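User: Could you take a close look at the surroundings of the ligand in this structure and walk me through them slowly? I am in my first year, so please connect the details as you go.

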Amino acid sequence: MLDSNLQATLDGVLARNPGEPEFHQAVHEVFDSLSLVQERHPEYNDMGILTRLCEPERQIIFRVPWVDDRGEVQVNRGFRVEFNSALGPYKGGLRFRSNVNLGIVKFLGFEQIFKNSLTGLPIGGGKGGSDFDPAGKSDGEVMRFCQSFMSELYRHIGEYTDVPAGDIGVGAREIGYLFGQYKRLTNKYETVLTGKGLDWGGSLVRTEATGYGATIFAQEMLSARGTSLEGRRVSVSGSGNVAIYAIEKVHQLGGIAITASDSTGYVVDEDGIDLELLKQIKEVERGRISTYAERRGGRSRFVAGGSVWDVPVDVALPCATQNELHEKHAKTLVENGVIAVSEGANMPSTPTAVEIFQEAGIAYGPGKAANAGGVATSALEMQQNASRDTWSFEYTEGRLTDIMKGIHQNTLETAEEFGRPGNYVVGANVAGFRKVADAMIAFGVI
Ligand code: NDP
């Protein structure tokens, strides 16, 4: 139950942003946690912090025209939501997928504010993208689209203003085309994007960072309960950037990741996912997950459609997309004895699924804490670019590991401080919020 002030603020935010269910969901979850803070800090209410926080500082929507391989003109819509710059330049990925709309970009940008704050690094929150889907397009089409997208975006971003990165549908290829066009338009070789190639300003470990980080977060939650990933069966959803490197880290930490999925279905491999084969299919050939089982044979199988969460495991790592894990999936996982859920994706569990995990006493790490390793390593890429330096894999991974351990500790202690021990949702929302709110108060009403 929210108090009347908070409820009125929430009602105002929902009314001002109609038809954006994912944004409403993200805001609601944060407000639920913040009622605990409002009691202790009335100044946040007096200064209108929440009302200001829920209104992006700037929202840019633009036309992206491009020509396909048949010579026909196509038009997509581009978005960049510069949500909050209290802690640093806007930072957050670009998503290229057919279902992208303003509400989805706003939910992602809103989450990003808290996530970036939790990293302890000087980065604000933003997000962007387009309803363009690179799947099934030729390299030439993707290049022409990216060039057109950047031909508008370049005037809004910059090293000290807004530094986008990748997300769903935006990997090394897309970042290359986007950076090339930015450089050509501005004549500046600056840190305007992260996730760059290693030969041209990228950071080691950035590719691995989100998946590694989500697994490290799972390990930390287990460690706080006196156990570990060693020998644990783990299910992972998705087979993109985050999923692949979550699986890699699970294996490094002695667990056995037995699933991967895409939008056509999932594979189960009782002997553990063969990472080299998975990388070959998804990173090199850009193929479908069904071919994994065909080529792997043995004790692997492909299940068309269906839910990866039906597979009995000790630990679940949702690494595909928002709202992919529903009430019935959470119930099945709990019945099958899951002990920890760490989110590599953004908001993959629905609110009811989260309640089920929490009521069952499962260690549940929300995406804004558990997947912060990606943006944290992007900030490390910015640091390396600023000092014209490149760090070793070991050093960078060490920094990532320390950051993830720090986020875990901070969220755990904050939850305790606010009377919700073990509740990482409250811990992440409150710890992330306080830093941003205090900076906003310092700046006055702007
Ligand atoms: P990718 O595009 O590399 O991979 C996405 C994967 O999820 C693909 O396997 C895709 O399958 C699957 N997927 C997407 N939508 C659906 C759906 N509706 N149903 C089933 N499967 C689906 O993206 P990333 O790995 O980069 O991102 C995954 C998640 O992690 C997102 O929520 C993203 O916001 C989040 N994240 C990513 C970060 C990063 O550094 N990349 C940082 C922090 C969070 P298919 O190929 O069939 O589409």
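Analyst: Sorted by class, the residues that form the shell around the ligand are 5 nonpolar, 12 polar and 6 charged ones. This is a predicted model, and everything that follows should be read with that in mind. In total, 23 residues surround the ligand, and the closest of them are Asp167, Thr210, Ser263, Arg288 and Asn346.

It helps to ask next where in the chain these residues come from. Domain 2, which covers 58–189, and domain 3, which covers 209–370, each give at least three residues to the shell. In terms of secondary structure, at least two residues of the shell come from each of three elements, namely the helix α8 (206–224), the helix α9 (241–252) and the strand β8 (259–262).

Individual atom pairs give a finer picture of how the ligand sits among these residues. An oxygen atom of the ligand lies 2.8 Å from an N or O atom in the side chain of Asn346, a residue that is also listed among the closest ones. For the side chain of Arg206, the distance from one of its N or O atoms to an oxygen atom of the ligand is 3.0 Å. With Gly169 the partner is instead a polar backbone atom, which is found 3.1 Å from an oxygen atom of the ligand. Turning from single atoms to the surface as a whole, the ligand taken alone would expose 890 Å², and the protein buries 82% of that area.

To place this site in its wider setting, consider the whole protein, which has 17 helices and 13 strands. Its radius of gyration is 21 Å, close to the 22 Å that the globule rule gives for 446 residues, and so the protein is as compact as a globular protein of that length. The C-alpha trace spans about 65 × 55 × 45 Å along the principal axes, and 57% of the 446 residues are buried.

Two loop residues show what such burial looks like for a single side chain. Asn371, in the loop between α14 (367–370) and α15 (373–386), counts as buried because its relative accessibility is 4%, and its side chain makes a polar contact of 2.7 Å with the side chain of Lys115. Asp68, in the loop between β1 (58–67) and β2 (73–84), is likewise buried, with a relative accessible area of 6%, and the side chain of Asp68 makes a polar contact with the side chain of Gln74 at 3.0 Å.

Terms used
Residues are numbered from 1 along each chain as its sequence is written. This is a predicted model: local features need pLDDT of at least 70, side-chain atom pairs count only at pLDDT 80 or more; totals for chains, interfaces and linings use all residues. Side-chain values use heavy atoms; hydrogens and water are left out. A residue is near a molecule or strand if one of its heavy atoms lies within 4 Å of it. A polar contact is a pair of N or O atoms within 3.5 Å; within protein, one must be able to donate a hydrogen and the other to accept it, and residues adjacent in sequence count only if both atoms are side-chain atoms. Accessible areas come from the Shrake-Rupley method with a 1.4 Å probe; for residues, only the protein chains shown count as cover. Helices (H or I, at least four residues) and strands (E, at least two) are DSSP runs, numbered from the N terminus. Ala, Val, Leu, Ile, Met, Phe, Trp, Tyr, Cys and Pro count as nonpolar, Asp, Glu, Lys and Arg as charged, and the others, Gly among them, as polar. Domain bounds come from an automatic or database domain assignment. The radius of gyration is taken over C-alpha atoms; the globule rule is 2.2 Å times the number of residues to the power 0.38. Buried means under 20% relative accessible area, exposed over 50%, partly exposed in between (1.4 Å probe, protein chains only).
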